[in-house]
Amino acid sequence: MLNRQGRPSAPQAHGVSDPAAGMGDEAARLQGDASKAGGAAGSHPTFTGNKALAQIEPLIFEIGHTETTGVDLDEPDAFKPRLGGLERKDAIGLPGLSEPEAMRHYVRLSQMNYGIDTGLFPLGSCTMKHNARLNERMARLPGFSDVHPLQPVSTVKGALELMSELARYLVTLTNMTTVALSPKAGAHGELCGMMAIKAAIEARGEGKTRTVVLVPDSAHGTNPATAALIGFTVKPVPAREDGWVHVEDVKKLLGPDVAAIMLTNPNTCGLFENQVAEIAKAIHDAGAYFYCDGANFNAIVGKAKPGDLGVDAMHINLHKTFSTPHGGGGPGSGPVVLSARLAPYAPVPFVTVTDGGEPTLVEHEEDAAEKPFGRMTAFHGQMGMYVRALSYMLSHGSDGMKQASEDAVLNANYIRASLADLFSQPFGDKPCMHEVLFDDTWLKDTGVTTLDFAKAMIDEGYHPMTMYFPLVVHGAMLIEPTESESKASLDLFIATLRDLAMAAKKGDKDRFVGAPYHAPRRRLDETRAARTPVLKWTPPAPVAEAAE
Amino acid sequence: MRYLPLSDTDRGEMLARIGVKSVDDLFADIPKDKLLKNLIDLPRRKGEMEVERILSRMASRNVSASSVPFFVGAGAYKHHVPATVDHLIQRSEFLTSYTPYQPEIAQGTLQYLFEFQTQVAALTGMEVANASMYDGSTGTGEAVLMAHRVTKRRKAVLSGGLHPHYVDVVKTLSDMASDDVVTLAPDVSATEDLLAQIDDSVSCVVVQTPDVFGNVRDLKPIAEKTRQHGALLIAVFTEAVSLGLVQSPGSQGADIVVGEGQSIGNALNFGGPYVGLFAAKSKYIRQMPGRLCGETVDADGNRGFVLTLSTREQHIRRDKATSNICTNSGLCTLAFTIHMTLLGEAGLTRLARINHANAVKLADRLAGVKDVEVLNKTFFNEFTVKLAKPAADVVEQLAEKGVLGGVPVSRLLPGAGLDNLLLVASTEVNTDDDRAAFVAALKEVL
């Protein structure tokens, strides 16, 4: 704290003297936090608690002031307000920082984060592949980023052209009839697809009777949540010992009450559903629809087309398959491709192309030739993500996209083959798609859990794999290396996991149960966070009051 | 291909380790007749220069907001975003990170989410805020569902001042969920009788302020009546900057506040990505949708942050979850919070005063044009004018003269008989020259 203000730091062991004496209350409190972090580092605690490049950063509410601003604006000339007497009279309580202070605050925060650019990020089901900066540059062209969704259509011809070109790519890659671009993320795309299915069923007069949606136990949580959100009853399809959904299990559940199945393919166990064609046929024979969760489409782009497999609706996570950045949890983008049976129900707004003509924007249900089920969002969806995704597709081309799928699958299988002797595979030793699934059988009697193992990976400089998902596998570890990793990178990763595995089996529990030791934070108390939620900063109580 | 590190030698060695002859052996579960033998019929790979050429050509066919006098609003607003914001959100550690499920190596994301939640709660005058929704419209749909869970009633009343696209989003979601929606007629002059709609069957009343026609609405009487009937008041805004100058919805008694945060830190982007702000009274916290970030300590006792109360969420609760939302608007949230931190209270309130002052100046100038009538008694930075002919034609003609002059109401509400009404917005980016150009072009067109 103090050396930030230009004074020398005092590298003494805490408790020997009290360098914090005389500091303000706020500074002393921050100092308290810092000294503990320093102590944990072992024999060379620092006065500030910082560890060279690892800097402790207070909240903006602890360092900013409401009268400070980092934006120079001139006060307007005097004028008569037209707010009808509803002017704000109270203070808001928003601290500001000058520009250099703000820059340092957020740069320091960023240094506590792990990203794809930092290292291998094998988060299964999440597809953390390289984010090309060309795509960022393209999305920031003023002709895309500085265009309003409601300015005259005659002034946005290039935007409509881009949407129409993206749609052509998505429809061609999937062999589907059309695409609804507007959903804002994968789960929003699921909602869009299921709404189209519900609209189709109601159009057939079966809205009251077809109320059940089949969802395998291995599905993403968003699937059952989506179906339930619009009034469907969810019926689980039980898990099998081989990791596949079996057509006879589906057939047993089919009947006139079933509206759809929501099937992830490739599935969350990292396997391609080998009975998908039979399942699709059974679903269609029963008068139901096939919703495919396209989260794992990245494994099969250029290798197979969902439309050839009988899919009626599938969302595509542009932020996974086509590498628009995850950004610490969004923004995503979840266009939904639709079969001929569902295409008429695609929501507004959408772009259509008549033969040889310019793309046309259809914004209202009454302007549509077909029967849109409604509207998913205020405007045209995630334009910024459309640009990035198209930039990715143009760069890769049909050959590059196919190669990317093959390399992603090859990388995952290389890890599988290289760990198969130490780790346990829940469904036997067989090829996987773009991600490989292990369970925790191999950790039995070591006293080390999947969570402990993952936290030890953090100390080795890796982001952990997806843990405890899918739910059908005990202590699941789902590893997705993506096509962005070199062989050298994979070899070091494999060697690291092997070293950790042997340490766990040898009984070196300490390396795991206390991990991480070297991250910006040790393990965090999530129970405490949930029991007594503190969801915003509040000013500390005055010292006198706190002492009572 | 520049993005793919494996060489053919690597691939050969790796296949050997796996013990298969070709990569297609790994795709053996795909039915033989469905495995593609040829490349898909799309162009081959391209270098950076070529991609840049193609996309730049498309971009050049659009008229960007900064290149012309610009007065378009109706739910998305052109504001100046400091250079610092875009630099910081492109830092690798922010841009290429995931949802912070591993808090030990995601404190950067978690701390800014905690700061964001605190800022949004303060701005809206509410007790808690979540870590964002997709945008204001989808957030409004989620707010209605949340009110239904809280009140155990299933009827929403939507004000005629609510943005028509927001109305459509709520109606689509409610129709699909078989919930009731009462939509009041478009209310240009803010004179609708919302109070008459509120009784013991109503779950929530959804009111936008400033409304889509620009009117600043007094929420207090509505809050009073909803409270009496056990219903919730959902206050909506589409212009977050207005909260710097207008009384917060929380101080007027709103139960849930939801709105569009694009105005702060985020570009127009032709409609997305944006960032939905969502705040509520703390007693409703367990019915809230979306991610929440909370404070805790680590094993050494140091302060840290985690995602919390996830037992509300889809990955735990599956079909019993409060929402299906998973990803939200992480990077747009970051842009919002950085811009807000740069502004601070002093900067935000001044920015809001500049917006209001510019709109007042514009309204006064337009009121002096023959055949133009400014309809609003109150407004913040957007208002409605009545023209002597259809606004859609006028806007097209203005565009030909190089002025983007607003949104015709008929674009939002076709067939409502409001064809001569035009929504006009003015922010800090507008200069006296912009206003003069608008007035001159309008005189020629009318």
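The structure, a predicted model, holds 14 cavities of 30 Å³ or more. A cavity here is a space where a 1.4 Å probe fits but cannot get out. The second largest of them offers about 140 Å³ of space.

Look at what surrounds that second largest cavity. Its lining counts 14 residues. Closest to the centre are A:H188, A:L191 and A:M376 from chain A, with B:T138 and B:L173 from chain B. Three helices each give at least two residues to this lining. One is helix 7 of chain A, spanning 186-203. The other two belong to chain B: helix 6 (136-151) and helix 7 (164-176).

What is the chemical make-up of this lining, by class? Seven of the residues are nonpolar, five are polar and two are charged.

Now step back to chain A as a whole. Its secondary structure comprises 16 helices and 12 strands. The C-alpha atoms occupy a box of roughly 80 × 80 × 50 Å along the principal axes.

How much of chain A is buried? Of its 548 residues, 64% are buried, with under 20% relative accessible area as the cut-off. The accessible surface of chain A amounts to about 19100 Å². Carbon and sulfur atoms account for 52% of that area.

Contacts add the sequence view. Take the pairs in chain A that touch and sit at least 6 apart in sequence. Among these contacts, 69% join residues at least 24 apart.

Definitions and conventions. Residues numbered from 1 in each chain as written. Chains lettered and ligands numbered in written order. Predicted model: local features only at pLDDT ≥ 70, side-chain atom pairs only at ≥ 80, totals over all residues. Heavy atoms only, no water. 1 Å grid on protein atoms, 1.4 Å probe; cavity = no way out; pocket = protein on both sides within 12 Å on 5 of 7 lines; lining within 4 Å. Points joined across faces, edges and corners; volume = space filled by probe spheres on them. Helix = DSSP H or I, 4+ residues; strand = E, 2+ residues; numbered from the N terminus. Nonpolar A, V, L, I, M, F, W, Y, C, P; charged D, E, K, R; others polar. Buried < 20%, exposed > 50% of the residue type's maximum accessible area, 1.4 Å probe, protein only. Contact = heavy atoms within 4.5 Å. Areas by Shrake-Rupley, 256 points an atom, 1.4 Å probe, with all protein chains shown as cover.
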